[in-house]
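Q: I have a model open and want to go through its empty space and its sheet. Can you take me through them?

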Amino acid sequence: MHLDPPDDATLAQIAADTELGITPADLPVYAAAAEGLLASWNTVAGLYADTAPTPPERSWTKPAAAENPFGGWYVQTEIQETTTGPLAGVRVAIKDNVSVAGVPMMNGSHTVDGFVPSEDATVVRRLLSAGATIAGKSVCEDLCFSGGSHTTKSGVVRNPWDETRSAGGSSSGSGALVGGGEVDMALGGDQGGSIRIPAAYCGAVGHKPTHGLVPYTGAFPIEATIDHLGPITRSVRDAALMLSVIAGVDGGDPRQPTTIDIPDYVGALDLSVDGLRIGYLREGFGHANSEPEVDDAVRRAADAFRDAGMAVSEVSVPWHLHGPAIWDVISVEGATWQMVDGNAYGLNWKGHYDPELIAYYGKKWRTDPSRFSETVKLVTLAGRYALANGYGSHYAMARNLENRLAAAYDAALDDHDVLVMPTLPLRATPLPAADAPVADVLGRALEMLPNTTPFDVTGHPACSVPVGLVDALPVGLMIVGKRFDDTTVLRVAHAIEKQIGTLPVPTAARSHA
């Protein structure tokens, strides 16, 4: 991307806008110096062009509405690189905020529509190397900032259990396609619950790994400290299998530690759970919008834990109720700084960037910011105001409070192996009408977050598993463990799944087959 030198009028405008106090007499001096300095930008662009990746030729199609179950597919593909490996024969959907080289990526938004990545994300390379078939890109919410399934610009995603209701988001297509039996597994992303919400609404398993366990390289960021990728599957065993393929350091993602020991997640599922200590988190129940039926279903699952040989008790973590407010500040100021003004990637970190995506999205959203979704408009309004008046100090406060929040969970986990609560306070809610007022659009996008968001802040692993149906709609139970002890979380999830069973593909979904 060539950068033309600025003319005097442009520099004068910048100087005026930023009130730098540069006199007209001094401006030509600064202009000459700036022109010499900015020559380095074109040197860097030329050097980068010599090594820039070239996208491969890969076939893809956009399905017609009548051939797109639940509206879950953005594009469909048949990409397979090997017929051997632990995922041989497994069909996987990739959330459309994750790069698949040579295949369009929209990220649910007009502001990304038309972009074609040049490189596979690390997780995509790992899935293909393990024998998986990439069946397509699954629809996600607009820039992934919604827990509903109605803000994407490619059309709403419908719940396979009741197509008048939300599939959850932001990994909406991934949840619907797995819950509806269209694919074996799907990749999801999670910054506020976006793996666990669609899993809970659609009757699937959704595992948000420990922050940094799975590399985010090649996925569209929101805020680096809360960005996660992980599996959405029909069983815990499949989630463990997928995690075993995608976990581990890749050297390009500063979210990750320098080394991670990857255990045998699948093999550990068969270890005994006798004597494991389950802590039912008191503050995870009884939210202002909690459905009693959801709380009751999760409480009834205590018997299944006991039948599997585990000890169940109640535990209190009052700081859990502060978690959503801490997440609000981090996600809103952080996303405004990084995802909006920083063109997704932001600056000031070492790792692998996508310059083409940064330039494409950065130019396109500035061409017409009105095409942002209602949720992103809310983030931008609140975030710009807070940053202009608080100067980032509230973000700093929230970041420091993260340590107290994490310590509160860690203290509870000293006495319990995992914590348990409803994944969401409610079951899948009706989709807003196409002409719904802004208040309804925002409400349906953000109503389900009180239990999921705190663990994006602290990074603890959290897995949602279905514990049955209430009035023909799935209910999810969330299991939270110590950081980088995803193994125990999955062991407990597998044990409860064996006691309660997995949900079948819903009858309505079978009619799509």
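Q: Start with the largest pocket. Which helix gives the most to its lining?
A: That is α11, with six residues in the lining of the largest pocket. Keep in mind that this is a predicted model.

Q: Which elements each supply at least two residues there?
A: α2 (27-51), α10 (323-340) and α11 (355-367) each do so for the largest pocket.

Q: How much space lies in that pocket, and which residues lie nearest its centre?
A: The largest pocket holds about 1,300 Å³. Its lining has 33 residues, and G342, N343, G346, L347 and I358 lie nearest the centre.

Q: And how does the lining of the largest pocket split by class?
A: It has 19 nonpolar, nine polar and five charged residues.

Q: OK, closed space now. How many cavities of 30 Å³ or more are there?
A: Five. The largest cavity has about 120 Å³ of space. It is lined by 15 residues, and those closest to its centre are C144, S146, G192, S194 and W327.

Q: How many of the residues lining the largest cavity are charged?
A: None; the lining divides into eight nonpolar and seven polar residues.

Q: What about the second largest cavity, how much space is in it?
A: About 70 Å³. Residues that line this second largest cavity include G203, A204, V205, R234, V465, P466, V467 and E497.

Q: Which elements give two or more residues to that lining?
A: β12 (462-470) and α16 (486-500) do, for the second largest cavity.

Q: And its classes?
A: The lining of the second largest cavity has eight nonpolar, two polar and two charged residues.

Q: Switching to the sheet. How many strands form it, and in what order?
A: Eleven strands form an open sheet, in the order β1-β3-β2-β6-β8-β7-β12-β13-β11-β9-β10. The pairing is mixed.

Q: Which strands stand at the edges?
A: β1 (73-79) and β10 (311-315). Each has a single partner strand, so one side of each is left without a neighbour in the sheet.

Q: By how many degrees are neighbouring strands turned against each other?
A: On average 25°, with direction ignored.

Q: Back to β10. How many bridges join it to β9, and do they run parallel or antiparallel?
A: Five bridges join β9 (residues 277-281) to β10, and the two strands run parallel.

Q: Which residue of β10 stands opposite R277?
A: A311 in β10 stands opposite R277.

Notes:
Residues are numbered from 1 along each chain as its sequence is written. This is a predicted model: local features need pLDDT of at least 70, side-chain atom pairs count only at pLDDT 80 or more; totals for chains, interfaces and linings use all residues. Side-chain values use heavy atoms; hydrogens and water are left out. On a 1 Å grid over the protein atoms alone, a cavity is a set of points where a 1.4 Å probe fits but cannot get out, and a pocket is an open set with protein on both sides within 12 Å along at least five of seven lines; lining residues have an atom within 4 Å of a point. Grid points are joined across faces, edges and corners, and a volume is the space filled by probe spheres set on the points. Ala, Val, Leu, Ile, Met, Phe, Trp, Tyr, Cys and Pro count as nonpolar, Asp, Glu, Lys and Arg as charged, and the others, Gly among them, as polar. Helices (H or I, at least four residues) and strands (E, at least two) are DSSP runs, numbered from the N terminus. Two strands pair if DSSP finds at least two bridges between them. Axes are lines fitted to C-alpha atoms, for helices over the stretch in contact, and angles run from 0 to 180 degrees between N-to-C directions.
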